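Work through the exercises below with the model open. Each task is followed by a stepwise solution.

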Amino acid sequence: MSEKKPTRKPAGKPAAARKAQAPARPAAPAPRRAPAKGKKGRGRRGGPSPSDLLGLLVLGLTVSLAACAGGGLFGGGEEEGGQATEQPAGQLTVRFLDVGQGDAVLVRSPEGKTLLYDGGRSAERMRAHLETYGVDALDLMVASHADADHIAGLVPAAERAKPRLFINNGIAGTTQTWGRLVAALEEAGTTFQKANTQVINLGSVKVRVIAPPPGMGDDQNENSVGVRIEFGDFRALLTGDSEKPETEAWLAAGRPEIQGPFQLYKSIHHGAANGDHPAWLAAVRPENVVIGVGENNYGHPTASALALYKDNGVRVYRTDRQGTVTFTASADGTYTVTTDR
Ligand SMILES: [Zn+2]
């Protein structure tokens, strides 16, 4: 098994650009209700009324322009001084799959576009999840880094769902598992990209890629690829196993993607002691944290991480105790949480 597989294919059109051309999704016109930011609450359901639909036609163009302009500063339909707030319809789901010790987060936009961020360490468990949630296609697969507890489950996902685009940190793994993943992605015809500052539009959901900062060497954890997920006023942040040097470098660089508040946040490195820290949480300001954790010999999650979340008033969910944890969010920022147990 070759251990020197390139992490990128030389060719392939930039999928980020391709996705940016996707038709703008219906955007709800100015909601009569005030957005309930950061509140736990029930997602509002129900389709648009006929008058709403008329608004959609008018506002659709505005939204698509805003999406195109959203390259530098975060643009896109928010707080435009007194203008109507344009919010996408439908609901976003973010599932922290119970894969034992490891991370696997399945994201589905209201339009049915999908992202799988990491896959856990068990191909078998991932196969079961793919079956359960009917994942037959993936628009985007992100490997935060190449450690087995993040990529082993990506192999069956690549084989079954044939991702259109794969993003990683550009540092090839050295394991057979990594080789199998690259082979499966090549077989699937997937486009490979190294993490940069891509913004991938999954329908009305924006995925902002957070590349590892320079100077992290070859360490896989410290080169974790993060993603900031935006759906209307709802925000989620996933940063793999980014240990302190990486998060400190992101803070020092003033990366806008890591600025909170976030309704949903993934615990760094399964609640390890070298993951989340006070300065980082002060920037991220998470409301809920999900720890992807199973039986392990590392002491994850650590008492220090749990104490840190408690001190910051963060609600904690754990896949070892609650199984798969699902957030269902509306564009006004409200969401519901369901757990397996
Ligand atoms: Zn890990």
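**Exercise 1. Which residues of the largest nonpolar core touch the most other members, and which helix gives the most to this core?**

Solution.
- Step 1. Note that this is a predicted model.
- Step 2. Take the largest nonpolar core, which has 74 residues.
- Step 3. Rank its members by how many others they touch. Leu-140, Met-141, Val-142, Leu-181 and Val-207 touch the most.
- Step 4. Turn to the helices. H6, residues 176–188, gives the most to this core, with 5 residues.
- Step 5. Add the general background. Nonpolar side chains tend to be buried together in soluble globular proteins.

**Exercise 2. Place Met-141 in its surroundings: what is Met-141 in contact with, and which residue stands opposite Met-141 in E7?**

Solution.
- Step 1. Leave aside neighbours within four places in sequence. The contacts of Met-141 are then Leu-116, Leu-154, Ala-157, Ala-158, Pro-163 and Phe-166.
- Step 2. Look at the strands. E6 (residues 140–142) and E7 (residues 165–168) run parallel, joined by 3 bridges.
- Step 3. Find the facing residue. Phe-166 in E7 stands opposite Met-141. Phe-166 is also one of the contacts in Step 1.

**Exercise 3. Trace the open sheet of 8 strands: what is the strand order, and which are the edge strands?**

Solution.
- Step 1. Read off the order: E8-E7-E6-E5-E4-E3-E16-E17. The pairing is mixed.
- Step 2. Go to the ends. E8 (191–194) and E17 (335–339) are the edge strands, each pairing on one side only.
- Step 3. Take the twist. From one strand to the next it averages 15°.

**Exercise 4. Why is strand E12 described as largely enclosed by the rest of the structure?**

Solution.
- Step 1. Count burial along residues 234–238. Since 5 of the 5 residues are buried, E12 is largely enclosed by the rest of the structure.
- Step 2. Check each face. Phe-234, Ala-236 and Leu-238 are buried on one side. Arg-235 and Leu-237 are buried on the other.

**Exercise 5. How many bridges join E12 to E11, and how many to E13?**

Solution.
- Step 1. Start with E11, residues 226–231. It runs antiparallel to E12, with 5 bridges between them. Val-227 has Leu-238 as its bridge partner in E12.
- Step 2. Inspect the turn. E11 and E12 form a hairpin with 2 residues between them. Gly-232 in the turn has a positive phi of about 55°.
- Step 3. Move to E13, residues 262–266. E12 and E13 pair in the parallel sense over 2 bridges. Leu-237 has Tyr-265 as its bridge partner in E13.
- Step 4. Follow the connection. From E12 the chain passes through helix H7 (residues 244–253) to E13, a right-handed β-α-β crossover.

Definitions and conventions
Residues numbered from 1 in each chain as written. Predicted model: local features only at pLDDT ≥ 70, side-chain atom pairs only at ≥ 80, totals over all residues. Core = buried A, V, L, I, M, F, W, Y, C linked by C-beta atoms within 7 Å. Buried ≥ 20, exposed ≤ 12 C-beta atoms within 10 Å, placed from the backbone. Helix = DSSP H or I, 4+ residues; strand = E, 2+ residues; numbered from the N terminus. Contact = placed C-beta atoms within 7 Å. Pairing = 2+ DSSP bridges. Right-handed = clockwise from strand over helix to strand, strands pointing away. Axes fitted to C-alpha atoms, helices over the stretch in contact; angles between N-to-C directions.
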